[in-house]
Amino acid sequence: MDKEVLKRYIKAGRVARDALEAGKRTCGVDVPYFNVVKKVEKIIRKGGAFPAFPVNVSVNELGAHYTPYPGDGKRFKVGDVVKIDVGCHVDGYIADNALTVELETNRYSQMIRAAEEALDMAIKTIRPGIRVKEVGGNIERVINAAGYRPIRNLTGHRMERYILHSGLSIPNIRRGREKIEEGMILAVEPFATDGKGKVENSTKGEIYILRGKRKLKGEEMIFYQWLEENFNTLPFASYWCCAYSDDHIPELRRLERRGAVMSYPLLIEEGRGKVSQREHTMLVTDNGVKVLTA
Ligand code: MN
Ligand code: MN
């Protein structure tokens with residue numbers, strides 16, 4: 001990998017890790033979700049990076065894709081199993097990492113540890129030439145051995161400049177013949193659950209992505225172009241549009257009805273089990289990986 005590109009990946013990795021740690025320290029009983037999100041974003045900006053996607057704060061049976069909506073007053077409760085998922089980029093080079101905390105109880109410590117140990121195992125497994133099913137198989141084995149199930153329809157992913165999910169998936173079960181190659185940047189993210197091991201779409205979420213501006217005109221086109229300048233190919237939060245205007249939500253919904261933007265549905269565990277997650281971003285080297293978010 002080009003030296004200058006690697007430098008930016010290393011910086012993005014360090015900032016993403018620091019921001020995630022700050023989010024973890026902010027998280028606590030009675031704390032508003034928004035406090036965690038704002039803290040994480042502040043650390044990202046102070047570090048000279050930009051968010052690569054909205055901070056995901058997915059609690060208990062939600063696997064992913066929750067971010068607060070404008071005016072969201074939701075606070076954490078005792079016993080919550082909180083996944084914080086943070087991504088940032090430096091000049092488009094993305095680092096993505098996540099962790100899980102349980103607030104003031106210890107019922108899910110083993111399940112949280114299972115996702116962490118599965119990630120450690122994946123890190124030891126990955127090297128050029130290995131097939132993704134071997135990585136997924138090892139993740140699955142570690143989580144099963146702890147008495148939990150991996151979530152089979154959530155995966156890690158390859159990343160490329162300004163592209164969060166660039167084709168190659170790193171499964172959490174033994175599946176997929178694709179080979180991992182030197183120089184790839186991978187986000188590996190085991191999920192463990194005491195439910196069915198699968199997520200399904202729930203209600204509408206507040207994370208959006210642009211889909212295309214055909215058929216737009218006037219004010220709609222101006223708003224879309226603002227979104228394009230600010231977020232480009234990367235996901236964004238509805239509340240980030242407050243920077244455009246105080247009353248942006250109806251405009252965003254209108255763009256959604258026109259098919260110009262789409263929102264990601266919340267992903268909920270099918271058996272309504274609790275979910276834990278751990279994630280790191282890594283560079284595949286000639287003989288293994290270099291973890292960028294450690
Ligand atoms: Mn992530
Ligand atoms: Mn990811």
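This presentation describes a predicted protein model, beginning with its metal site and then turning to its domains, one helix pair and some individual residues.

Allow me to state the conventions. This is a predicted model, in which local features need pLDDT of at least 70, side-chain atom pairs count only at pLDDT 80 or more, and totals for chains, interfaces and linings use all residues. Residues are numbered from 1 along each chain as its sequence is written, chains are lettered from A and ligands numbered from 1 in the order in which they are written, and side-chain values use heavy atoms, with hydrogens and water left out.

I begin with the metals. Which residues coordinate the manganese ion (ligand 1)? The donors are Asp85 (OD), Asp85 (OD), Asp96 (OD) and Glu279 (OE), at 2.0 to 2.4 Å. Donors here are N, O and S atoms within 2.8 Å of the metal (3.2 Å for Na, K and Ca); water is not among the atoms, so sites may look incomplete. Along the sequence, the donor residues of this ion follow the spacing D-x10-D-x182-E. The pair of Asp96 and Glu279 links distant parts of the chain, 183 residues apart: Asp96 belongs to strand 5, and Glu279 to the loop between strand 14 (275-277) and strand 15 (280-284). Helices (H or I, at least four residues) and strands (E, at least two) are DSSP runs, numbered from the N terminus.

The manganese ion (ligand 2) has as its protein donors Asp96 (OD), His157 (NE2), Glu189 (OE) and Glu279 (OE), which lie 2.1 to 2.2 Å from it. Their spacing along the chain reads D-x60-H-x31-E-x89-E. A second long-range link appears here: Asp96, in strand 5 (residues 93-102), and Glu189, in the loop between strand 9 (185-188) and strand 10 (191-193), are 93 residues apart. Asp96 coordinates both manganese ions, and these are 3.1 Å apart.

Are these donors buried or exposed? Asp96 and Glu189 are both buried, where buried means under 20% relative accessible area, exposed over 50% and partly exposed in between (1.4 Å probe, protein chains only). The relative accessibility of Asp96 is 3%, so Asp96 counts as buried. Glu279 is buried as well, with a relative accessible area of 0%.

Leu119, in helix 3 (residues 109-125), is one of the residues in contact with Glu279. Beyond its neighbours within four places in sequence, Leu119 touches Val188, Pro190, Arg278, Glu279, His280 and Met282, contact meaning heavy atoms within 4.5 Å. Leu119 counts as buried because its relative accessibility is 1%. Between the C-alpha atoms of Leu119 and His280 the separation is 7.8 Å, although their positions lie 161 residues apart along the chain.

Next, the domains. The assignment gives domain 1 (3-201 + 272-291) and domain 2 (205-266), with bounds that come from an automatic or database domain assignment. Taken over C-alpha atoms, the centres of the two domains are 25 Å apart. Domain 1 supplies 23 residues to the contact and domain 2 supplies 16 residues.

I turn now to a helix pair. Helix 5 (residues 218-231) packs against helix 6 (residues 249-257) at an angle of about 95 degrees, and the axes are 11 Å apart. Axes are lines fitted to C-alpha atoms, for helices over the stretch in contact, and angles run from 0 to 180 degrees between N-to-C directions. Helix 5 is therefore roughly perpendicular to helix 6, a term that covers 65 to 115 degrees; angles under 35 count as roughly parallel, over 145 as roughly antiparallel, and the rest as oblique. Helix 5 contributes Glu220, Phe223, Tyr224 and Leu227, and helix 6 contributes Glu251, Leu252, Arg254 and Leu255.

Arg258 follows in the loop between helix 6 and strand 13 (261-269). Leaving aside neighbours within four places in sequence, Arg258 contacts Leu216 and Glu220. With 45% relative accessibility, Arg258 counts as partly exposed.

Finally, two backbone features. Most residues other than glycine have a negative phi. Lys215, in the loop between strand 11 (199-210) and helix 5, has a positive phi near 80 degrees. Lys215 is exposed, with a relative accessible area of 69%. Arg272, also not a glycine, has a positive phi of about 55 degrees and sits in the loop between strand 13 and strand 14. At 45% relative accessibility, Arg272 is partly exposed.
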